[in-house]
Amino acid sequence: MAIKLENVAIAVRDLEATIAFFTDLGLTVIGRDTVSGEWTDTAVGLDGNHAKIAMLETPDGNGRLELFEYITPDAIETEPTRPNEIGMHRVAFSVDDLDEALEIAARHGCRPLRGVATYEDVYKLTYLRGPSGILVMLAEELKKN
């Protein structure tokens, strides 16, 4: 059996603000829609499922994020995920220039949780809290081929 990762889906508080954050980092919106009806209730396992969605893609075409904002039922606010919690953890991106990526993130009010670290002189990386509390890891390869 062949298997391929299609996307990672993230429920967000404000679809437009989240799209702005990720497109400023370099992702591209490749599709938008509003979904509802019996098929979504069945597929998602949630009655009355009605949401605005956007599919974003990385420049290399290998990574996709599906962002969705619930219209109904009401979205449930939870505490932001902490790095050591079990379950969906974070979304990670490699970037050519971490400092530039952090400047972009700061324009959206997003800053590193603690700071920028260096992993074995291979990567400079950080975790930050993005829109809707999403944990985002940004990493720059130091020894580029």
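**Backbone, core and pockets of the predicted model**

In this predicted model, Ser132 is found in the loop that joins strands S7 and S8. Its phi is near 60°, a positive value in a residue other than glycine, and Ser132 is classed as partly exposed because its relative accessible area is 24%, which falls between the limits of 20% for buried and 50% for exposed residues. A second residue of this kind is Glu120, whose phi is near 45° and is likewise positive in a residue other than glycine. Glu120 lies in the loop between S6 and strand S7 (123-129), and with a relative accessible area of 58% Glu120 is exposed. A further feature of the backbone is the peptide bond from Thr72 to Pro73, which is cis, with omega near -15°; Pro73 belongs to the loop between S4 and S5. Such features merit mention because most residues other than glycine have a negative phi, and most peptide bonds are trans.

The protein as a whole contains 3 helices and 8 strands, and these elements follow one another from the N terminus in the order β-α-β-α-β-β-β-α-β-β-β. Taken along the principal axes, the C-alpha atoms fill a box of roughly 50 × 35 × 30 Å. Of the 145 residues in the protein, 30% are buried. Among contacts with a separation of 6 or more, 53% join residues that are 24 or more positions apart. The mean pLDDT of the protein is 93, and 99% of its residues reach 70 or more. Confidence is lowest in helix H2 (residues 38-44), where the mean is 91, and highest in H1, where it is 98.

The largest nonpolar core comprises 23 residues, and those with the most contacts inside this core are Phe22, Leu67, Phe93, Leu128, Val136 and Leu138. Two or more residues are given to the core by each of helix H1 (15-24), strand S3 (50-57), strand S4 (64-72), strand S5 (91-94), helix H3 (98-107) and strand S8 (135-141). When residues up to four places away in sequence are not counted, Leu138 touches Leu25, Phe93, Val95, Leu98, Ala101, Leu102, Lys124, Leu125, Thr126 and Leu128. Some of these residues also take part in the surroundings of Val116, which is placed in the loop between H3 and strand S6 (117-119): with the same exclusion of residues up to four places away, Val116 touches Leu98, Leu102, Lys124, Leu125 and Thr126. The C-alpha atoms of Val116 and Thr126, which are 10 residues apart along the chain, are separated by 4.9 Å. Val116 counts as partly exposed, at 43% relative accessibility.

Two residues with polar or charged side chains illustrate buried positions in other elements. Thr40, in helix H2, is buried because its relative accessible area is 2%, which is under the limit of 20%. Beyond residues up to four places away in sequence, Thr40 touches Val35, Gly45 and Asn49. Glu69 lies in strand S4 and also counts as buried, since its relative accessibility of 17% is under 20%. Outside the range of four places in sequence, the residues that Glu69 touches are Val12, Arg13, Asp14, Leu15, Ala51 and Lys52.

The largest pocket holds about 710 Å³ of space. This pocket is lined by 25 residues, of which Ile10, Ala11, Val12, Thr78 and Ser132 are the closest to its centre. Strand S1 (8-11) and S4 each supply at least two residues of this lining, and by class the lining of the largest pocket divides into 14 nonpolar, 5 polar and 6 charged residues. Ser132, described above for its positive phi, is thus placed among the residues closest to the centre of this pocket.

The second largest pocket has a volume of about 240 Å³. Of the 15 residues that line this second pocket, Val8, Asn62, Gly63, Arg64 and Ala92 are the closest to its centre. S4 and S5 each supply at least two residues of the lining, and S5 gives the most, with 3 residues. The lining of the second largest pocket is made up of 7 nonpolar, 4 polar and 4 charged residues.

Conventions:
Residues numbered from 1 in each chain as written. Predicted model: local features only at pLDDT ≥ 70, side-chain atom pairs only at ≥ 80, totals over all residues. Heavy atoms only, no water. Core = buried A, V, L, I, M, F, W, Y, C linked by side-chain atoms within 4.5 Å. Buried < 20%, exposed > 50% of the residue type's maximum accessible area, 1.4 Å probe, protein only. Helix = DSSP H or I, 4+ residues; strand = E, 2+ residues; numbered from the N terminus. Contact = heavy atoms within 4.5 Å. pLDDT = per-residue confidence, 0-100. 1 Å grid on protein atoms, 1.4 Å probe; cavity = no way out; pocket = protein on both sides within 12 Å on 5 of 7 lines; lining within 4 Å. Points joined across faces, edges and corners; volume = space filled by probe spheres on them.
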